[in-house]
Amino acid sequence: MTAWVGLTGGIGSGKSQAAACFALLGVPVIDADAVSRILTQTPDSEALRRIRETFGDSVIDSAGCLNRAAMREYVFADEQARQRLEAILHPLIYREIERQKAACTAAPYGIIELPTLAEHPVFRRLVQRVLLVQCDEKTRVQRVMARNGLTEAAVRAIMQAQAGDEQRLALADDCLVNQGSPEDLSQAVQRQHRIYLQRWSL
């Protein structure tokens, strides 16, 4: 039976890069954000039907998919709207992740990338352990500014809306420090991979 590790961390910490490193080692990786995108980019899906019923046509684009920019702006300004959106999407995301987990039984362990695990601990039930990718705030801000073309103020506003480092640390069983180069991160992932293989290999 495959064990599952929840991979999490704040914006700019390097979660996706760490997940890619695990994938290169042959570890199955499920990306919760990718699941969400599929659910909201498939016209006439259950998720889109319920989003349209709740928020109207203004958040649906001409192809019948979710206009993610419009939806993001909507929920960023309205906490109740965000909660309504999460009430629609989270059970569907959870169900799809469970389906993907059930299809993967041969590997000793797998990774589920869960960016907002600290904000939504219900997803903790999907995994046996939590692996936190850590990085100092200044470096995270610089990375996101360079990657997304955002201002420092915009990046910090996103960070303010996320859980803090203490909340994430409280959930973590293991930590990866991502302060250095991509090669440093790759080596850290390889070390953690060996630890997980020792824990879960038959």
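Colleague: Over how many bridges do β2 and β3 pair, and in what sense?
Modeller: In this predicted model, one pair of residues joining these two strands is Asp-31 and its bridge partner in β3, Glu-113. The sense of the pairing between β2 and β3 is parallel, and the number of bridges is three.

Colleague: Which strands stand at the edges of the sheet, and why is one side of each left without a neighbour?
Modeller: The sheet is open and has five strands with parallel pairing, in the order β2-β3-β1-β4-β5. Each edge strand has a single partner strand, so one side of it is left without a neighbour in the sheet, and the strands concerned are β2 (29-31) and β5 (174-177).

Colleague: By how many degrees are neighbouring strands of this sheet turned against each other on average?
Modeller: The value belongs to the open sheet with the order β2-β3-β1-β4-β5. With direction ignored, the average turn between neighbouring strands is 25 degrees.

Colleague: Which residue of β3 does Gly-6 stand opposite, and over how many bridges do β1 and β3 pair?
Modeller: Strand β1 comprises residues 3-8 and also pairs with β4 (residues 129-134), in the parallel sense over four bridges, with Thr-8 standing opposite Leu-132 on that side. Towards β3 the pairing of β1 is again parallel and runs over five bridges. The residue of β3 that stands opposite Gly-6 is Ile-112.

Colleague: Which residues of β3 lie on each side of the strand, and are they buried or exposed?
Modeller: In a regular strand the side chains alternate between the two faces of the sheet. For β3, five of its five residues fall under the 20% limit of relative accessible area that counts as buried. One side carries Tyr-109, Ile-111 and Glu-113, the other carries Gly-110 and Ile-112, and both faces are covered, these residues being all buried.

Colleague: What angle does the direction of helix α5 make with that of β2?
Modeller: Helix α5 (residues 79-102) packs on the sheet, where it touches β1, β2 and β3. Helix α2 (residues 32-40) also packs on the sheet, touching β2 and β3 (109-113), and its direction makes about 50 degrees with that of β2. For α5 the corresponding angle with β2 is about 165 degrees.

Colleague: Which element gives the most to the largest nonpolar core?
Modeller: That core has 30 residues, of which Ile-51, Phe-55, Met-71, Ile-97, Ile-112 and Leu-114 touch the most other members. At least two residues each are supplied by α2, α3 (46-55), α4 (68-76) and α5. The element that gives the most, with eight residues, is α5.

Colleague: Is Arg-140 buried or exposed, and what is its relative accessible area?
Modeller: Arg-140 lies in helix α6 (residues 137-148). Beyond its neighbours within four places in sequence, Arg-140 is in contact with residues including Gly-10, Ser-13, Cys-135, Met-159, Asp-165 and Arg-168. Because buried means under 20% relative accessible area, Arg-140 counts as buried, with a value of 4%.

Colleague: What radius of gyration does the protein have, and why does it agree with a compact globule?
Modeller: Along its principal axes the C-alpha trace spans about 50 × 40 × 30 Å, and 43% of the 202 residues count as buried. Residues 24 or more positions apart account for 74% of the contacts with a separation of 6 or more. A compact globule with 202 residues would have a radius of gyration near 17 Å, and therefore agreement is found with the value for the protein, 18 Å.

Terms used
Residues numbered from 1 in each chain as written. Predicted model: local features only at pLDDT ≥ 70, side-chain atom pairs only at ≥ 80, totals over all residues. Heavy atoms only, no water. Pairing = 2+ DSSP bridges. Axes fitted to C-alpha atoms, helices over the stretch in contact; angles between N-to-C directions. Contact = heavy atoms within 4.5 Å. Rg over C-alpha atoms; globule rule 2.2 N^0.38 Å. Buried < 20%, exposed > 50% of the residue type's maximum accessible area, 1.4 Å probe, protein only. Core = buried A, V, L, I, M, F, W, Y, C linked by side-chain atoms within 4.5 Å.
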